[in-house]
Amino acid sequence: MGSALVTRGTLCSRYSSSTDASSCDAPPRARCGGCGVMEKLQGFEFWRETLQSARYVLAPMVEQSELAWRLLSRRHGAQLCYTPMLHAQVFLRDANYRRENLYNEVSPEDRPLITQFCANDPEVFVQAALLAQDYCDAIDLNLGCPQMIAKRGHYGVFLQDEWELLERMIKLANEKLSVPVTCKIRVFPEVEKTVKYAKMLEKAGCQLLTVHGRTKDQKGALTGVACWEHIKAVREAVNIPVFANGNIQHLSDIQRCMEETGVQGVMSAEGNLHNPALFEGRSPPVWEMAEEYLEVVQKHPPCTLSYVRAHLFKLWHHTLQIHQDLREELAKAKNLAGIEEVNRQLKQRCQKEMAKEESEKHHTGLPVPHWICQPYVRPAPKDLGRENGQKALEVKAVSMKRALEDSDGPNDSLSKNKQKKKARNPRKNFCPELKPKYIKCEQCGNPKGNKCVFNLCRGCCKKKAYKEVADCPSHGLRFKTKAQKQGSSEAGSGQINGSSSVQTEPCATVPDQPAAQALA
């Protein structure tokens, strides 16, 4: 039982006044006098006591939700924060990675805190979580990252169809960890499947669920609007706390989301990056937030300069559309002093513009002046054909792609990349059942050469031909021929050497004629 215990909760059933603390097998952080072990809190009790009924949540963001940004967000209303997503495999094997991403980022002000991992192996996930559990209040499994790197690494939302694997991961973590395990997911297009997915995770041992109301394909230019109906359906179906994620740009969005979905809390990612005071309902000047952030960075080193620069690009996004030279200066800044100087210049320029008459100010089409913290609304995909004067060509390409996507044939199961290949070569075949069957190599199972003298693949044929000094014309192997040529060449060279020695031998015994006469 000791491996599933934490500091908060009801007393362990083994507890008595005579119990010796040395006999307790719980982690040191889970003891409170005598044995005094506390059972791990679950579900709503965990949310109310450990997470202090958090409603405003800062999302886990790669290289963006570091300690300094978490502390800034907490100053302005965030009640719960997540670490950036950590790779369980790297966290487990690399001590420097652990120090730089978690151990060195410890602050008493930074609680409650949830550490998020991406993983696709139950043992690796649990072993990494065991190394992190003493530095946070819960461990979160990332099941929502839709980026290509997650697809290549086989984690995030690309695990959402592997329910047996996820069930094993959550169940093992729930058994072994001394802190609760939580999950962050994306929805399926079907509400019913999303609900079943959430209930499966709950049954496996998930104690809190964050639901991002977008599907796996809603990313980048195709991000679109998150579906709160899916989130509402999940909230009504499960008996654990649910956080909503998606469509949060203002404090009013948070209030509306909680009313419409009934969730316990709302998570913000991109909205927070453009306005750290979002949870307060304020929209301060961008330089004010930048100054405060840089102050926190200096108080809580180290903070990677690239993280700082990335945050300011987000904060100043609208202003840098106008003062583009400052974008260059920010990109070239080598230290915090250089970044502070860029912020000072930006502040001066904006204050000068504020003092101008309304007609002299920059008109950007934004609802408020560009120097005010405000959300970034991603534009819809542009029609490149119209812009480049190649409308007909673009329409043709799009119609071809759409025809492939909408067809009822075997293309329905093909990836977009394979559909493009199919468009270039209509005779190309991707169906495994229709592909020609190859006879397997007798030794390794790879396709054998059709005319191989040994009925093997090239690799096995090469080994056998070399060992037996044989030829295989089908695979272009000439070991026997080369050996015969080498033997004949050696025999020929031997004959030449023998004849030359016979000819030179008598010459050596016949003295030079003039020399012989002189001697006589």
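Contact is taken here to mean heavy atoms within 4.5 Å. In the predicted model examined, two local arrangements are described: the surroundings of Asp140 in strand 7, and the packing of helix 15 against helix 16.

Asp140 lies in strand 7, which spans residues 138-143, and with a relative accessibility of 0% this aspartate counts as buried. Leaving aside residues up to four places away in sequence, Asp140 touches Tyr82, the run Ile114, Thr115, Gln116 and Phe117, then Phe125, and finally Thr182, Cys183 and Lys184. Two of these neighbours are also reached by the side chain of Asp140 through polar atoms: a polar contact at 2.9 Å joins the side chain of Asp140 to that of Gln116, while the backbone nitrogen of Cys183 is reached by the side chain of Asp140 at 3.2 Å. Thr83, which is separated from Asp140 by 57 residues in sequence, has its C-alpha 9.6 Å from the C-alpha of Asp140.

The second arrangement involves helix 15 (residues 324-332) and helix 16 (residues 336-354), whose axes come within 9 Å and cross at roughly 165°. Because angles over 145 degrees count as roughly antiparallel, helix 15 and helix 16 are therefore roughly antiparallel to each other, and their crossing is left-handed. On the side of helix 15, the contact is formed by Asp325, Leu326, Glu329 and Leu330, and on the side of helix 16 by Ile339, Val342, Gln345, Leu346 and Arg349. Classified by residue type, the contact between helix 15 and helix 16 comprises 5 nonpolar residues, 1 polar residue and 3 charged residues.

How values were computed: Residues are numbered from 1 along each chain as its sequence is written. This is a predicted model: local features need pLDDT of at least 70, side-chain atom pairs count only at pLDDT 80 or more; totals for chains, interfaces and linings use all residues. Side-chain values use heavy atoms; hydrogens and water are left out. Axes are lines fitted to C-alpha atoms, for helices over the stretch in contact, and angles run from 0 to 180 degrees between N-to-C directions. Helices (H or I, at least four residues) and strands (E, at least two) are DSSP runs, numbered from the N terminus. Angles under 35 degrees count as roughly parallel, over 145 as roughly antiparallel, 65 to 115 as roughly perpendicular and the rest as oblique. A crossing is left-handed if the near helix is turned anticlockwise from the far one by less than a right angle, and right-handed if clockwise. Ala, Val, Leu, Ile, Met, Phe, Trp, Tyr, Cys and Pro count as nonpolar, Asp, Glu, Lys and Arg as charged, and the others, Gly among them, as polar. Buried means under 20% relative accessible area, exposed over 50%, partly exposed in between (1.4 Å probe, protein chains only). A polar contact is a pair of N or O atoms within 3.5 Å; within protein, one must be able to donate a hydrogen and the other to accept it, and residues adjacent in sequence count only if both atoms are side-chain atoms.
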